[in-house]
Structure formats: C-alpha cells, structure tokens
Amino acid sequence: MSKRDEILAAAQALFAEYGYAGTTMRMIAERAGVAFGLVSHYFGNKEKLFLVAGHEMIDAMLLGIRRDTEAAQNGLQAVDIFVNSYLSYTLANRATFPTLIRCSPFSDDNPHLDRHKIGAKFKELIREIEINLERGIADGTIAQVPVEDCALMIYAAMVGAVRTVFLSPFGEPGLFEETRRFILRSLRRSD
C-alpha cells in the first residue's frame, strides 16, 4: 500500500470513528505512521482529505455495484442487485462506512462543507438507480414511476436504513432485507 493510500485509510477510519470535527490532520498522520507534512502534501487540508476519503469510497462502491448489476436479467432485478450490493458494502466496510454517512449531502454533520461537490458525487449513485429504473420500465418489470423522484426515494430508504443500523439502537438484524423487499414491492409492476 502506498503512503497516500495508508493516509487515506487512516483518514477514513478516523472520520468514521470521530467525525469531521473530532478528527485532526495530526491524528491521521499518527494513525498512518507518516509525518504530518506528508498528509498536507498529498491532500492539502482536512476538508479536501475528507472529500477524497468519501469520494474514493463511493468510487469503490460504484465499481462493485456496476459489476454486480451486469448480471441482472431485467431492470427490477438490477434495482434489487443495486440495493443488495449497496447495503452489503456498508456492512463489509463497517469500520469506515460512517465516513460516507458523515459526508453525505443528507447529513448536517458538516454544514460548512461544499454541498455541491458532495452532492455531485452522491448523484452518481442516484444516477445508477435511475438507469436501472428506466431499464425496468422499458422491459416491463417496473411500473411507470417518475424516475428521478423514485430514485431519490430509493436512495433515501437505503440511507435511512443504514443510518438506523449504524447510528441508532433500533437497527434490527432484518432491517436491510426488509428495506430491499419494501423497495421491490413499491416498484413491481402489477398486471
């Protein structure tokens, strides 16, 4: 692993554990085992490092989701695979995923951060949902729905489930599976 990647991994873990405000560049340098100046050299400042930490996690998540949805036989199955892949990624990356919860455009943890930069990256996830919805409408497996609004609702349901599991005492073991079933029930075309 390169020094840059070690710094990024340390930042993701610390931002997940302590949040943006509770994490310092010095803490990141210490966790990564590098000089403080090297953190600044690679990332500039804490806000830039925070955004890169979140963006790189989204890129990794999208790579897996796109790979998984290639096997879908139709649009409804693609949405199902997307939801399952997204929720599974959160569990597989439980130690670092709260970084994304904290840098989400749906979070008010860091109101001073540039919401447009953050939102543009998260929009890539929402756009993938839109593509799968459009596919399902075209192939007849998904009811006629307003695609943009429906994609936001699906994303909001997933984010809500993840926030509940990760941040509250109400995260029942079956919540992710019920979220998936709820989304599919709401989309399935009934003839």
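**Figure 1. Gln 12 and its surroundings in helix α1.** Helix α1 contains Gln 12. The model shown here and in the other views is predicted. Gln 12 has a relative accessible area of 13%, and a residue is called buried under 20%, so Gln 12 is buried. Leaving out residues up to four places away in sequence, Gln 12 touches Ala 53, Met 57, Thr 96 and Thr 99.

**Figure 2. The whole chain.** The chain has 9 helices and 0 strands. Its pattern along the sequence is therefore written with helices alone, as α-α-α-α-α-α-α-α-α. The C-alpha atoms fill a box of roughly 65 × 30 × 30 Å along the principal axes. The radius of gyration is 18 Å, which agrees with the value near 16 Å for a compact globule of 191 residues. Of the 191 residues, 46% are buried. Among contacts with a separation of 6 or more, 66% are between residues 24 or more positions apart.

**Figure 3. Aromatic pairs around Tyr 20.** A pair of aromatic rings is described by the distance of the centres and the angle of the planes. A search of the whole structure gives 10 aromatic pairs. In one of them, the ring centres of Phe 15 and Tyr 20 are 6.1 Å apart and the planes are at 20°, so this pair is stacked. Phe 15 and Tyr 20 are both buried. Tyr 20 also pairs with Phe 50, with 5.0 Å from centre to centre and 65° between the planes, and this pair is edge-to-face. Tyr 20 belongs to helix α1 (residues 3-22) and Phe 50 to helix α4 (residues 46-69), so their pair ties together parts that are 30 residues apart in sequence. Both Tyr 20 and Phe 50 are buried.

**Figure 4. Charged side chains over aromatic rings.** Lys 46 lies over the face of Tyr 20, at 4.3 Å from the ring centre. At another ring, that of Phe 166, the charged end of Arg 94 sits 4.6 Å from the centre. Phe 166 is also part of an aromatic cluster, together with Phe 82, Tyr 86, Tyr 89, Phe 97, Phe 122 and Tyr 155.

**Figure 5. The largest nonpolar core.** This core has 40 residues. Tyr 86, Phe 97, Leu 125 and Leu 133 have the most contacts inside the core. The elements that give two or more residues to the core are α4, α5 (75-92), α6 (98-103), α7 (115-139), α8 (147-167) and α9 (175-187). Helix α8 gives the largest share, 11 residues.

**Figure 6. Leu 133 and its contacts.** Which residues is Leu 133 in contact with, leaving aside its neighbours within four places in sequence? They are Val 79, Ile 142, Val 147, Cys 150, Ala 151, Ile 154 and Leu 187. Leu 133 is one of the residues with the most contacts inside the largest nonpolar core. A second core, separate from that one, has 17 residues, including Ala 10, Ala 11, Phe 15 and Met 25.

**Figure 7. Residues 24-43.** An unreviewed UniProt entry places the feature "DNA-binding region" at residues 24-43. Over these residues the chain is 80% helix and 0% strand. The end C-alpha atoms of residues 24-43 are 13 Å apart.

Notes. Residues numbered from 1 in each chain as written. Predicted model: local features only at pLDDT ≥ 70, side-chain atom pairs only at ≥ 80, totals over all residues. Heavy atoms only, no water. Phe/Tyr/Trp six-rings, centres within 6.5 Å; stacked < 30°, edge-to-face > 60°. Buried < 20%, exposed > 50% of the residue type's maximum accessible area, 1.4 Å probe, protein only. Helix = DSSP H or I, 4+ residues; strand = E, 2+ residues; numbered from the N terminus. Lys NZ or Arg CZ within 6 Å of the ring centre and 35° of its normal. Core = buried A, V, L, I, M, F, W, Y, C linked by side-chain atoms within 4.5 Å. Contact = heavy atoms within 4.5 Å. UniProt positions renumbered as here; feature names shortened; annotations may be inferred. Rg over C-alpha atoms; globule rule 2.2 N^0.38 Å.
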